[in-house]
Amino acid sequence: MGHLSFWRFSFYFAFLWLFSFNPKFEAQAEITFTRINERFYLLNMNGATTESSQVKVHSSAEVLRASESGADAAWTRDTGQQGGEISQSENEAPIKTPATTYDDNKEPTTESNPSDRGKKSKRSATYGDKNLDRSTSGDARSREGFVEPFQGGSSSSSSRAEYRRSGEEVRGSNPRQSEPHLDTSTFALSGDSAHNQAMVHWSGHNSSVILILTKLYDFNLGAVTESSLWRSTDYGSTYSKLNDKVGSRTVLSYLYVCPTNKQKIMMLSDPEVESAVLISSDEGASFEKHPINFNILSLLFHPAQENWILAYSHDGKVYSSMDFGKRWILVHDNVMPGRFYWAVMGLDRESDVVHIETRIAKGHAQYVKCRAQRCTEGNRQFLFPGYVDTNSLVVQDEYVFTQVTKSGRASYFVSYMRESFKKMKLPKYCLPKDMHIISTDEKQVFAAVQEWNQNNTYSLYISDSPGVYFILSLENLRTSRGPAGNLLVDFYKVEGINGMYLANKLVDNHIKTFITYNKGQTWALLPAPATDVAGNNLHCILPFCSLHLHLEMSENPYTSGPITSKKAVPGIIVATGNIGPELSSTNLGMFITSDAGNSWRQIFDEEHNIWFLDNGGALLAVLHATTPIRHLWISLDEGKKWDRHSFSLAPLYVDGVLMEPESDNHIITFFGHFSHRSEWQLIKIDYKGLFTRRCMDGDYQTWYLHNKGELCVMGEKQIYMKRRPGNRCMLTQDYSRIYSSEPCPCTAYDFECDYGWERQTNGKCSRAFWFHPNSVAKSCSIGQSFLNSTGYRKVLSNNCKDGGKNMYSPKREACRPRAPQGLRLTTSQGELSAALGSNVTFMGDSLRTSIQLDFGDGIKITYSNLSRTDDGIRHIYRTTGIYQVTAVAENNQGSDSSILFLHITSPVERIYLSTPVVAVRGKEANLTIVVWPSHTRTLTFFWWFDNSSEPIITLEGSITHTFQKEGKNKVTVQVASGSTVMQDSKVINVKEFFRSLLLSFSPALDEHNPDIPEWREDIGRVVRTALSQVSGVPEEQLLVSLYSGLPTTAELFILPNEQTSSEHKKNNGDALQTVHIFVTALNQGLIQFELKNNIRIIVYMTQQTLAPLVDSNAIHSGSAMLMLLSVVIVGLAAFFIYKFKRKIPWIHVQTEDSQEKESEMISTVGQNDTMSKVKLSEFPSPKELMEKEMEARSRALIISSESAKTPFVQD
């Protein structure tokens, strides 16, 4: 459903290129079309209407932005460079075109001379052998047009020549009334030549009122800048301009018509000028203007109440009006476009119910049901348990569809007759990537499903009545995408014949057209005609060659499209197609069948738009051309013979044809223009002159519906009535098409394979390998019975009786006692996690049994004789964690159990990665991630070390790791909590050995410590620079890391010189001597820095730590043991120094007493207020400091030797 976007397979288009006048000019058409449920009322046109093939599925394609859809049909033309103009006067006299025969010996003349388009003022138009000079403002009148007969599909070659010749049009002033003729008149919408868009409405129901809204749409501004409203009360003979009635300065943008009362009309003003609606209750004779405070993008009329309207605004809000737009009330905000629906009469209890999809978060929405005028939070119902995917709610007929995606896989749900939602079940290994609802006619769902192994095709699946269990009907349907991205499926329902469909299927990389007479149970190729339009034999033999049809719907509502059929004319289909091994876009012709697809005839070898006239008794054909034309073709005998009529004196660029459906009048209107800058030309054609009288009983004949000779179609024999071909009598609107209907005995092909069963080559249904039928229904209790499937289910709408029905119908069996089976345990939201403190509702299936439920947090409950748990069992968890929820069902036949592991979580606010700044190569280092607030086993930790391609995943927030590479190693940890992922990183210096000193600072630093990482990094950098300047040790060998918290402390890491060999670094005493340099500088208060004005911070040594001076490899060499012994001796020396520190004035170390208030410092540097400020630039030079330290080292070594009696080993 496209994300399961449930989209109608029919199409909508906003602005589309329609007619190409020349390489420089193309006419654009602003197009919408009729919805079956008339969400927007558009004019229903025979042939142009989409009702004959569209399915009844609302979608995002159905409620369109106002810029993308009109409420009524509209067309657009290009207003490019002005060419020569020919216009008719407003009071045009009718043109009567009697029947005449063309001279078969003359070649056809061109419809128009392209070179004449550049002329202005006057132009000479050639019609046959006559020249007619006309002024652009002159009165264009003609008394006569002429008719040329053409035997369509005849086997004689002369008929081909007759069709090709136009002949000389003989004109007479007094044609006989008995001859077939058309009465025409032309009206020009003067002053609107610059308008490039128009919308038209015919009130219908034998009303003579036609409304036309013309607009000048500025594509650069994206707005309507001018408009005119025209009204005719005489079926389009004349029009009057209504701009003064609606306001001379009012710019109108859209026209809407109430589908239940077409006298009620609503028009929208352009919001760039003013935001208002104009309302008429008398077919546009008068209007009332009502200002509104929002911009309407689309309207949805109630299917029964003429005054009830829903409006969708530009900011995603839905408003309701109960008085046809005079007052509006906000229903809901954050509504997804096109996802709001009125109640379906007979299904929803209240007629003012509104079904809405509201956006909650990115990718998540809710299904809300409420009353249109009372949709407050307390009155809203949430009928689907949990969130749904955005753009997935569809309310259509008896069904409500929606979609939920979890872990990248979508599940589809359906509610039938407004009952609880059930998961739609497709064959197990269908594994759908996408689903679109095609049809919900006759209480059955047709769906286009893209399976896991399909890319550009979809498969057709059909359901049972509740829309739950689907079976495969046809694989690899041809699909494409429309301009708005909506899915277009080559699937067509033939009107008037129950169960008859056409589809284009991909077979061995060839697109072929197939037909079914039993609602998709079996499919077959179309037989090609025996001859072409010229009577030449085609020699097209099935299955290698067949007829292929284009099944797309028309992009322009004023054209018939490539295929058309009509309920009033069962069995007749007219379509564009070709003959050969596959469907092609070249060498196209027009084909017709009058026996429901069993045989076909070619009627034209060029594309034509074809409509049904006279309640389906006649056919109108207009050449689909990019050049101007002035002829049309009419057939009264199902396309066997065509008469050509002239409808205009001057060739016309035809933008569309409009007719009133289901009416007793015989009026059609051609819309177009003579040149790119001429006014709109409206040509009214009355074709009543084609007939001599109304049809009587003797004018009809019967025909049998059959499928290749088989008279039983969809379980019955049907006999239809139709007018005898060639009779020039008018059909009455209410005559019965079906003469008789008789049910047939049921056979195997009146049944389709049930869910989980597949049709074999022998015609029988056998169980699929993956299907394990449950022979007993879950609701079956002792003493009751149930229907057990035999592998077949009757095709819906099939009317077969008796016969073999009992062989294939489900068998009734008695229920037997059984142990609980199939117990499931889920949350009401269908999730495996819940927020801390939220109310968790557990759902389960059981069978009149006892259920014990253990929530996993120490609370257990028991339910006795529980039959259903529709309302669920609620529980609240107080702490985070993972809980094992267990349900056990028992009865006297046995028991069953189900386990659910539920994660109770709370949001993670922040994290901090705690790592050592320096680690020893080959030794384990502890890494810890701190999470706020704390969680218990509900988080997942992903540890990334350097450039590793795979993380180490843990459920605990700490890990030990051994670094094998010296240098800088980056550690990154990600903490995942549900859909939230947080990250922190640190860089660790890995060395074979190092020294470190713990540092402390003047108390003043604590007062300015904000305890944030950035501040600690800056202070560490300043201290490192000071230490390097005093000691002369390069900054690259020093690291200073401040710890979080108070008091402020830090650690100094002294790294070995990278330029010294590894063995030398481990065996010399330079490391210890370097430490002594820092100890002296720190104890003498030489390390200082200025925090801010008048605030000086002194750095002290707190404690010396002895990192191992050993190889990171586990090799216990003699030299390593000697080094360890040296460390012990140094430790003893340090102890003696500490004991006699007051007797050795040139040794200054820090002492620490945990029982006292502060560490006591002994220093030769006085700390008083009169002490002069020392800056880093005033520190002793490295040379001076080294000279002093050399003397200190000599004395220290002598004392150490005398005290420990063990020398420090050096190379």
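Ile1097 touches Phe1001, Ser1002, Ala1004, Leu1005, Ile1087, Gln1088, Phe1089 and Leu1091, leaving out residues up to four places away in sequence; touching, or contact, means heavy atoms within 4.5 Å. This isoleucine sits in strand S85 (residues 1095-1105). Helices (H or I, at least four residues) and strands (E, at least two) are DSSP runs, numbered from the N terminus. Ile1097 is buried, with a relative accessible area of 0%. Here buried means under 20% relative accessible area, exposed over 50%, and partly exposed in between (1.4 Å probe, protein chains only). One of its partners, Ile1087, is 10 residues away in sequence and 8.6 Å away in space, C-alpha to C-alpha.

A quick word on what you're looking at: this is a predicted model, where local features need pLDDT of at least 70, side-chain atom pairs count only at pLDDT 80 or more, and totals for chains, interfaces and linings use all residues. Residues are numbered from 1 along each chain as its sequence is written, and side-chain values use heavy atoms, with hydrogens and water left out.

**The chain as a whole**

The secondary structure comes to 9 helices and 85 strands. Of the 1211 residues in the chain, 54% are buried. Among contacts with a separation of 6 or more, 59% are between residues 24 or more positions apart. The chain exposes about 54100 Å², and carbon and sulfur atoms supply 49% of that; accessible areas come from the Shrake-Rupley method with a 1.4 Å probe, and for residues only the protein chains shown count as cover.

**The largest nonpolar core**

In soluble globular proteins, nonpolar side chains tend to be buried together. A nonpolar core is a set of buried Ala, Val, Leu, Ile, Met, Phe, Trp, Tyr and Cys residues joined through side-chain atoms within 4.5 Å. The largest one here has 31 residues, and Leu229, Leu255, Met266, Met267, Ile296, Leu299 and Trp328 touch the most other members. Strands S10 (210-218), S13, S14, S15 (276-280), S17 and S18 each give two or more residues to this core. S13 gives the most, with 5 residues. Take Met267: setting aside residues up to four places away in sequence, its contacts include Leu229, Val246, Leu252, Tyr254 and Phe287.

**Charged pairs**

Side chains of opposite charge can pair when their charged atoms come close. A salt bridge is a side-chain nitrogen of Lys or Arg within 4 Å of a carboxyl oxygen of Asp or Glu, and a search of the whole structure finds 24 of them. Three are set out below.

| Salt bridge | N to O distance |
|---|---|
| Glu306 and Lys264 | 2.9 Å |
| Lys369 and Asp348 | 3.8 Å |
| Asp699 and Arg693 | 2.6 Å |

Glu306 and Lys264 link distant parts of the chain, 42 residues apart: Glu306 is in the loop between strand S17 (296-301) and strand S18 (309-313), and Lys264 in the loop between strand S13 (252-257) and strand S14 (265-269). Glu306 is partly exposed at 27% relative accessible area, whereas Lys264 is buried at 10%.

Lys369 lies in strand S23 (residues 364-371) and Asp348 in the loop between strand S21 (335-342) and strand S22 (353-361), so their bridge ties together parts 21 residues apart in sequence. Both Lys369 and Asp348 are buried. They also belong to a network of salt bridges that links Asp348, Lys369 and Arg418.

In the third pair, Asp699 is buried at 7% relative accessibility, while Arg693 is partly exposed at 39%.

**Two more inside spots and a surface patch**

Thr516 lies in strand S37 (residues 510-516) and is buried, with a relative accessible area of 0%. Its side chain makes a polar contact with the side chain of Asn518 (2.9 Å). A polar contact is a pair of N or O atoms within 3.5 Å; within protein, one must be able to donate a hydrogen and the other to accept it, and residues adjacent in sequence count only if both atoms are side-chain atoms.

Ser906 is in the loop between strand S72 (894-905) and strand S73 (910-914), and counts as buried at 14% relative accessibility. Ser906 touches Leu836, Thr880, Pro933, His935 and Ser977, not counting residues up to four places away in sequence. Thr880 is 26 residues away along the chain, with the two C-alpha atoms separated by 6.9 Å.

On the surface, Tyr429, Leu431, Trp452 and Phe769 form a nonpolar patch with about 480 Å² of accessible area together. Patches are made of residues with over 30% relative accessible area and no salt bridge: like charges are joined within 9 Å, nonpolar side chains (Val, Leu, Ile, Met, Phe, Trp, Tyr) within 5 Å. Phe769 is exposed, at 66% relative accessible area.
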